[in-house]
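Dear colleague,

Please find below the structure that I am handing over to you, together with its sequence. My findings follow directly after it.

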Amino acid sequence: MEAVQKKVLSDIFLAPSVTLPVVAGLICWGLSWAAGGVGALAVAGTVAVAGGLVWMVGRTFLQLDKITARAGKALQDQIRQQEEERIENLLRNLRMDRDFRTKDYVTILREARAEFEKLADQPSIQARSLPIVGQVRQLFWSAISELEQSYKLFELSDRLVGDQRSELIAQREELLKQVNASAEQLKSAVVQFRRLYNQDNDVDIAALRDDLDVSIKVAARTEARMKELEGRSNFDSRTNSPLAE
């Protein structure tokens with residue numbers, strides 16, 4: 001919200017249609033002063049500055065909603081671009097892990113999120129879908145974080161042998177099992193929302209919210225456990241063991 005407010009203020013006060021007349025007016029005032037007080041320049045400067053300020057006030061009262069909506073959309077587009085860059089970077093890394101499942105999970109997660117957002121944005125169910133949107137988003141990014149962590153575990157295990165490697169592989173499998181569960185939960189949410197869009201009154205939104213909440217909590221516990229293990233996985237300078245305690 002704060003970012004949107006800053007963007008709105010910037011669009012109102014720093015718009016070219018406001019700043020250019022004001023700057024031109026200030027230049028005219030400066031030239032008038034330098035020339036010893038040329039009346040025409042002083043009047044032109046006053047008109048330009050006043051015009052810019054009047055336009056700024058007019059835009060504030062007449063176009064505030066439009067400016068706010070445009071600023072919000074611009075920030076959302078920026079966020080979405082950053083998110084897509086993160087996912088593309090993850091995919092580049094996962095091409096190295098020699099595991100087709102991880103790439104498939106990314107595809108499933110992206111497709112489920114895209115279809116859910118498309119359905120949730122329909123006017124007929126937009127209000128009812130609002131409480132679920134945040135849960136779906138949270139579960140989606142938990143799964144992406146777990147895939148990122150799975151790649152770190154792959155990189156580390158690929159440099160090891162024996163029991164240490166086996167332990168890391170087991171941890172990675174636990175993560176991927178949770179990613180798969182999250183992907184299935186998102187697919188289920190899409191099915192439920194498709195039914196809701198088709199005016200199926202038997203859809204239990206409260207139950208869906210509860211299911212998503214459970215999945216989010218399980219994913220959060222898994223992620224926290226993996227981060228704890230990662231904190232213990234620094235190489236020991238004497239043993240070269242990533243699990244030295």
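Helix H6 supplies the largest share of the lining of the largest pocket, namely six residues. Please bear in mind that the model is predicted. The volume of this largest pocket is about 480 Å³. Its lining comprises 16 residues, of which Gln76, Arg80, Glu117, Asp121 and Val133 are the closest to the centre. Three elements each give two or more residues to this lining: helix H4 (64–94), helix H5 (100–120) and helix H6 (126–157). Sorted by class, the lining of the largest pocket holds seven charged, six nonpolar and three polar residues.

Helix H5 also lends itself to a check of its length. Its 21 residues should span 30 Å at 1.5 Å a residue, since the expected span is 1.5 Å times one less than the number of residues. The end C-alpha atoms of H5 lie 30 Å apart, which agrees with that expectation. As for burial, the buried residues of H5 are Thr102, Tyr105, Val106, Leu109, Ala112, Arg113, Phe116, Leu119 and Ala120.

One residue outside the helices deserves a separate note. Arg98 is located in the loop between H4 and H5. The phi angle of Arg98 is near 60°, a positive value in a residue other than glycine. Is Arg98 buried or exposed? Its relative accessible area is 63%, and a residue counts as exposed over 50%, so Arg98 is exposed.

With kind regards

Definitions and conventions:
Residues numbered from 1 in each chain as written. Predicted model: local features only at pLDDT ≥ 70, side-chain atom pairs only at ≥ 80, totals over all residues. Heavy atoms only, no water. 1 Å grid on protein atoms, 1.4 Å probe; cavity = no way out; pocket = protein on both sides within 12 Å on 5 of 7 lines; lining within 4 Å. Points joined across faces, edges and corners; volume = space filled by probe spheres on them. Helix = DSSP H or I, 4+ residues; strand = E, 2+ residues; numbered from the N terminus. Nonpolar A, V, L, I, M, F, W, Y, C, P; charged D, E, K, R; others polar. Buried < 20%, exposed > 50% of the residue type's maximum accessible area, 1.4 Å probe, protein only.
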